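User: I would like to go through a structure step by step, with each term explained as we meet it. Could we begin once it is in view?

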Amino acid sequence: MPGPGFSARALSWQTGSEVSGLDLSRPEGIAQSDVDALWQLLGERGILLFRDQPLDHEQHLAFTRRLGPLAKTGLLGKHAPPGYPDLFQVTNIKTEGRRSETENAAQQWHSDQAFLPVPARASLLRCVHAPALGGDTMFANMYQAHDALSDGLRATLAGTRAFNTLFSTRTLAQRGRLPFSSIEEGELERQGGTWHPVLRRHADTGRTALFVNEQMTDRFEGCTVAESAPLLDYLFTLATRPAYQYRHRWRPGDLIMWDNRCTQHFAPLDYDFAHLDASQNRRLMFRSTLA
Amino acid sequence: MEAVKEAPTAPAAQGQAQFETRPLNWRFGMEILGVDLKHSEQLSDASIQAMWKLLGERGILLFRKQGLNHDQHLAFTRRFGPLAVTGLTARYAPPGYPDIFTVTNIKKDGQRSETENAAQQWHTDQTFLKVPARASMLRCEIPPQNGGDTMFSDMYHVYDELSDGLKAMLEPLQAFHTLFSTRSKVMAGRKTLSEEELRRVEGEQGAMQPVILKHPDTGRKALYINEQCVDHFEGWTIDESKPLLEYLYKLVEHPKYTYRHRWQAGDVVMWDNRCTQHYAPLDYDFEHRDAPQNHRLMFRSTLA
């Protein structure tokens with residue numbers, strides 16, 4: 001059996017690997033064994049970085065589909081580039097003089113679609129324009145967060161579920177965005193929220209990851225929001241300890257695939273946001289999402 | 001609870017119980033009227049049993065204008081059962097009464113009292129022992145002119161108002177109670193333990209207790225952790241425990257669960273350590289505590 005058609009280099013101690021030797025613009029040329037190996041590596045390392053891959057929308061989606069079926073776009077549909085309903089555009093660039101509603105996306109730590117009964121397995125974010133200085137994305141390893149819990153707290157959390165919702169009392173995600181007027185009736189309710197175990201076993205690696213996030217996790221099952229807040233706040237702080245993080249400085253042509261089952265991510269707005277219209281501060285990213 | 005009347009009225013529960021009652025608060029605290037504790041040997045067994053039952057239900061009992069001396073205080077205490085070991089409080093016993101704990105701000109031989117700031121944190125007595133004190137009895141000899149109150153909080157009520165989810169989360173947990181908790185202020189400003197005292201408290205350094213205590217008399221559940229003695233849940237780190245503990249400690253001191261007692265000379269307050277906590281807020285002119293109008297002198301006995 002031939003070895004993998006790519007090589008990998010660790011981005012940090014426990015989180016992230018850079019993958020080299022694959023041409024993502026020709027996903028049909030990637031062997032199935034390599035697809036399987038990429039999933040395995042993703043599950044272990046949480047994020048995969050592919051550098052110098054200046055993809056267009058078609059190639060981005062084709063590579064995503066090579067890895068599995070796409071997730072429903074749901075509410076993100078309203079931020080799709082024309083003609084590509086499966087892509088989510090994240091940018092600070094004005095359109096027709098209007099501010100972008102996604103210029104401040106990922107302002108809280110989260111994993112994608114945790115409010116759905118079956119959250120997205122993975123997401124792929126590609127960088128077209130990066131600010132000259134900053135505009136980073138940070139990733140945190142939820143295996144490490146889980147492993148740091150004491151046996152006692154782990155035993156308590158093991159039997160506990162939490163409610164994850166787009167409309168969490170903590171969420172900042174809807175701030176500055178247009179109301180959901182164009183969403184079809186019932187869609188909001190379907191996507192309103194769901195219960196997930198606080199400690200979740202990763203289907204590929206068998207390891208357990210902490211699965212609460214500051215943006216969407218509102219409360220523990222049976223508990224009030226006020227009662228849940230102290231322990232949730234503790235867990236959110238624990239989850240984002242610098243020791244569990246990889247921080248990515250983007251270059252155009254970068255593509256990062258992350259595993260929503262064992263990582264969280266966050267964009268710290270670490271650039272001159274007061275002058276986000278200046279050309280050196282432009283940021284343009286596209287995300288695809290795997291079911 | 002149903003037997004409790006709104007105003008001083010008929011004798012309580014048992015037919016032979018010879019006292020009247022008046023609630024101190026909506027859910028807890030009861031004043032007992034019509035008894036003379038100087039002659040507690042004359043109280044019927046039925047009265048003592050009725051008081052004990054009421055104590056478990058209401059958490060604290062107040063007896064006004066009793067004017068007891070040490071012997072009468074101890075005699076009444078013993079009507080409810082054996083006294084608790086005194087442990088560390090023995091160093092604050094008045095001469096000749098090793099079972100009484102003096103709480104005062106009055107200087108002795110020019111030295112500050114080490115108990116002038118006692119009960120500066122919410123707590124229950126002796127939870128750091130394997131078998132904590134069931135009840136305590138505090139009598140007031142001299143209250144400050146303004147203030148010097150003691151506050152009590154109802155741990156049944158706190159428990160009852162937790163959500164089902166948090167009740168379920170706390171139910172299986174134990175917590176470690178110790179005088180030497182990272183949160184404890186109890187030894188601050190006190191002289192260090194002597195060899196002899198250390199030996200005496202060797203077995204008292206800490207004990208595991210359930211976070212939710214089922215009161216053995218009433219069968220009701222009460223929150224049973226306190227800020228002075230508990231800094232972690234069993235198996236959890238101190239850091240992990242802190243946020244949830246602090247949430248619970250904040251509940252404990254919520255005014256809706258508390259009764260605040262303004263002392264009069266001659267008062268005796270008996271409290272149940274299994275369903276209440278208490279705290280002394282230093283709500284008087286502590287800076288001038290040597291002034292006679294600020295003197296405070298209290299004596300406590302403790303039931304095993």
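User: Which residues have the most contacts inside the largest nonpolar core?

Analyst: This is a predicted model, in which local features need pLDDT of at least 70 and side-chain atom pairs count only at pLDDT 80 or more, while totals for chains, interfaces and linings use all residues. Residues are numbered from 1 along each chain as its sequence is written, and chains are lettered from A and ligands numbered from 1 in the order in which they are written. A nonpolar core is a set of buried Ala, Val, Leu, Ile, Met, Phe, Trp, Tyr and Cys residues joined through C-beta atoms within 7 Å, where buried means that 20 or more other C-beta atoms, placed from the backbone, lie within 10 Å of a residue's own. The largest such core has 91 residues, and those with the most contacts inside it are M142(A) and M257(A).

User: How are α6(A) and α6(B) directed relative to each other, roughly parallel or roughly antiparallel?

Analyst: Helices are DSSP runs (H or I, at least four residues), numbered from the N terminus, and angles run from 0 to 180 degrees between the N-to-C directions of axes fitted to C-alpha atoms over the stretch in contact. Helix α6 of chain A (residues 225-239) and helix α6 of chain B (residues 238-252) pack with axes 8 Å apart, at an angle of about 160°. Angles under 35 degrees count as roughly parallel and those over 145 as roughly antiparallel, so α6(A) and α6(B) are roughly antiparallel.

User: How many residues of chain A are in contact with chain B?

Analyst: Two residues are in contact if their C-beta atoms, placed from the backbone, lie within 7 Å. On the side of chain B, 16 residues take part, and in chain A the number is 17.

Conventions. Helix = DSSP H or I, 4+ residues; strand = E, 2+ residues; numbered from the N terminus. Parallel < 35°, antiparallel > 145°, perpendicular 65-115°, else oblique. Buried ≥ 20, exposed ≤ 12 C-beta atoms within 10 Å, placed from the backbone.
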